[in-house]
Protein chains: 2
Amino acid sequence: MSAGKNRQIVLAARPSGAPKNSDFALKETPIPSPGAGQILLRTIHLSLDPYMRGRMNDGPSYAKPVQIGDVMTGAVVAEVMESDNPDFPTGTIVEGRTGWQEYSLSDGSDVRRIDPSLAPISTALGVLGMPGMTAYTGLLTIGQPKAGETVAVAAASGAVGGLVGQIAKIKGARAVGIAGSREKCDFVVNELGFDACVSHRDQDLAGSLKGACPSGIDVYFENVGGPVFGAVLPLMNEFSRMPVCGLIAHYNATSLPEGPDRLPILMRQILTKRILVRGFIVWDFAEQEQQFLTEMAGWVRDGSIKYKEDFVDGLENAVAAFQGLLEGRNFGKLIVRVGAEP
Amino acid sequence: MSAGKNRQIVLAARPSGAPKNSDFALKETPIPSPGAGQILLRTIHLSLDPYMRGRMNDGPSYAKPVQIGDVMTGAVVAEVMESDNPDFPTGTIVEGRTGWQEYSLSDGSDVRRIDPSLAPISTALGVLGMPGMTAYTGLLTIGQPKAGETVAVAAASGAVGGLVGQIAKIKGARAVGIAGSREKCDFVVNELGFDACVSHRDQDLAGSLKGACPSGIDVYFENVGGPVFGAVLPLMNEFSRMPVCGLIAHYNATSLPEGPDRLPILMRQILTKRILVRGFIVWDFAEQEQQFLTEMAGWVRDGSIKYKEDFVDGLENAVAAFQGLLEGRNFGKLIVRVGAEP
């Protein structure tokens, strides 16, 4: 086993703006051998997520940047191929943050076991993983939607947005999505059960969104920023809440947008409407993980939560898939099939 | 009594930018006579507060605008001169929102009795009134300062800011003020007991503030906006909190500031540092009024809270005093002595 090659995608250069192909490099190294207490992991599924763009920058954020030459960071589902750790015998399926590569080592402390009988193992990267927990914790802990309220979310056909609206519906709220095409909007309404969805490519996004939210917006789950935010802000109701977990529209920005400076508009809206705005990352709510897994798995089982996965085959296609993700070209949770399921 | 004149200041025109003299008019009407169940109030102290600028605009806010020709809104301390209401006998001192005028009528439902034995009656407009409760509720309920944290507040020699820092000190936090002059800063540090104070007229406000907050800022009580906000934002710590109760630097603005558009900077800071920003007005926390009065009166009595009042004599000088307030020319809680204390 350990005689073969381990293909890795490493950070070759820090991007300016949208990541270029030359910002990544495909590298081959020997498949490592597990030392004392270690396990050798074979990557099956690699999750691609917007936050990874931030890791490519060298600046202060909530997590350390990837260093030049290092394997790109990312969560995977993997199979234990060799084991010197009795907690993880060969054949065990785990989830961990071993990055954009085909093989890796672990001592078991940074991975968790996945039960393949519960749901397809890829869901550990989506509905039952970090994106699912992001939607669950941010919406319920910060957004706190009440029956009859209106919850709006962008990237509504994506890994997080699609779940935000469905959880809102479970709580009795009205769910309004914003997505990137008519096809995505149809999916959001017809398959995910949102009450309405508008395309952010509409000529008159502000007008469309207003029409879709006749009683205003009580919770806006912010994961995109950009023009969508400008359309949302005037619709925010008194005492509305805004969990902020992402700003994908700005991740590739190399300079600030031109003026006028809208910062005073935002602060004035926050003041006069007494809006709560709060940033979070999923690990701020780590103590909710068991509760999330139990409740979300139940919702998936009973059909009240649906999810869509967008698979790309082969590690060599991860870069193009990631570039597309930042432009909204994926449709559902983006996952690279790095290796076959056992 | 009711044969005399009642002088009133009414809104003559909606200001564009800073309120001009011609936006107000002094009007004389007969002193009204109380009807069944009513009381006649003689204004002693009139409170001038930044929020009044918002009431002069005709736009959506958390309270209705003053209509053209109507008496300017405002809280007063007044004496009951005639009474047809047994709950408010002649001579009773009350606080109520009867506005910029010398006399007014009330049925008693919109005023509260003041106990002159507790503290000077003017404090019902400041430390034991709306400004005090704004500082108390916003800081403690939203800001939640912990021992050892740093709390920053602007307008630190003003009615609200001075109390925010002193309450922060009571809770064991470090208090850093921002004020408009060296004299005010000296007062804030030497009299109010803040740990540091910087002048927002400093050439290098960002640098001065950074020097005064070596461990960053955990709570920023936002009541001014403008350049101070720009200096504060980079200093906000992870999981910091920002109660927003005012934006006085913008109240006279007639257009948005020039670019670049800093809204994405704010949102990015909120996200990466997981900042909580929440707008409020004091009446959102109306249920805390008794607790506030009890606790704050205790702090005033035992000397752990100090306050400064800035008196102006005569209703006819209210307009100039209010114009000065919006430019930061007051020093302490601004109060117009409309009539003599009994």
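**Close-ups of a predicted two-chain model**

Helix α2 of chain A counts these among its buried residues: A:Met130, A:Pro131, A:Gly132, A:Met133, A:Thr134, A:Ala135, A:Tyr136, A:Thr137, A:Gly138, A:Leu139, A:Ile142 and A:Gly143. Keep in mind throughout that this is a predicted model.

**View 1. Helix α2 of chain A is largely enclosed by the rest of the structure.** The helix covers residues 130–143, and 12 of its 14 residues are buried. Just after α2(A) comes A:Gln144, with a positive phi near 45°.

**View 2. In chain B, helices α2 and α8 cross at roughly 100°.** Here we're looking at residues 130–143 and 289–301, whose axes come within 10 Å. With that crossing angle, α2(B) is roughly perpendicular to α8(B). On the α2(B) side, B:Gly132, B:Met133 and B:Tyr136 make the contact; α8(B) brings B:Glu289, B:Gln291, B:Phe292, B:Glu295, B:Met296 and B:Trp299. Sort them by class and you get five nonpolar, two polar and two charged residues.

**View 3. Chain B meets chain A through 39 residues on each side.** The two chains bury about 3500 Å² between them, and 70% of that comes from carbon and sulfur atoms. On the chain B side, B:Asp261, B:Met267 and B:Leu271 lose the most area to chain A, together accounting for 19% of what that side buries. The interface also has four salt bridges. A:Asp261 forms a salt bridge with B:Arg262, and their closest N and O atoms sit 2.7 Å apart.

**View 4. Helix α7 of chain A crosses helix α7 of chain B at roughly 55°.** Both helices span residues 263–272, and their axes come within 7 Å. That angle makes α7(A) and α7(B) oblique to each other. Who does the touching? A:Leu263, A:Leu266 and A:Met267 on α7(A), and B:Leu263, B:Leu266 and B:Met267 on α7(B). By class, the contact has six nonpolar residues, with no polar and no charged ones.

**View 5. A cis peptide bond turns up at Gly259–Pro260 in chain A and in chain B.** Most peptide bonds are trans, so these two are worth a look. From A:Gly259 to A:Pro260, omega is near 5°; from B:Gly259 to B:Pro260, omega is likewise near 5°. A:Pro260 lies in the loop between β12 (236–244) and α7 of chain A, and B:Pro260 is in the loop between β12 (236–244) and α7 of chain B.

**View 6. A:Arg274 has a positive phi, and B:Arg274 does too.** Most residues other than glycine have a negative phi. For A:Arg274 phi is near 50°, and for B:Arg274 about 50°. You'll find A:Arg274 in the loop between α7 and β13 (276–279) of chain A, while B:Arg274 is in the loop between α7 and β13 (276–279) of chain B. A:Arg274 counts as buried at 8% relative accessibility, and B:Arg274 is buried at 8% as well.

**View 7. Two loop residues of chain A: A:Glu102 is buried, while A:Lys308 is partly exposed.** A:Glu102, in the loop between β5 (93–96) and β6 (103–106), has 14% relative accessibility, under the 20% cut-off for buried. Beyond its sequence neighbours within four places, A:Glu102 contacts A:Lys5, A:Asn6, A:Arg7, A:Leu41, A:Arg42, A:Thr43, A:Leu315 and A:Val338. A:Lys308 sits in the loop between α8 (289–301) and β14 (309–313), with a relative accessible area of 30%. Leaving out residues up to four places away in sequence, A:Lys308 touches A:Phe187, A:Phe331, A:Gly332 and A:Lys333. The C-alpha atoms of A:Lys308 and A:Phe331 are 7.7 Å apart, though 23 residues separate them along the chain.

Methods
Residues are numbered from 1 along each chain as its sequence is written. Chains are lettered from A and ligands numbered from 1 in the order in which they are written. This is a predicted model: local features need pLDDT of at least 70, side-chain atom pairs count only at pLDDT 80 or more; totals for chains, interfaces and linings use all residues. Side-chain values use heavy atoms; hydrogens and water are left out. Axes are lines fitted to C-alpha atoms, for helices over the stretch in contact, and angles run from 0 to 180 degrees between N-to-C directions. Helices (H or I, at least four residues) and strands (E, at least two) are DSSP runs, numbered from the N terminus. Angles under 35 degrees count as roughly parallel, over 145 as roughly antiparallel, 65 to 115 as roughly perpendicular and the rest as oblique. Contact means heavy atoms within 4.5 Å. Ala, Val, Leu, Ile, Met, Phe, Trp, Tyr, Cys and Pro count as nonpolar, Asp, Glu, Lys and Arg as charged, and the others, Gly among them, as polar. Buried means under 20% relative accessible area, exposed over 50%, partly exposed in between (1.4 Å probe, protein chains only). Buried area is the accessible area (1.4 Å probe) that two parts lose on being put together, summed over both. A salt bridge is a side-chain nitrogen of Lys or Arg within 4 Å of a carboxyl oxygen of Asp or Glu.
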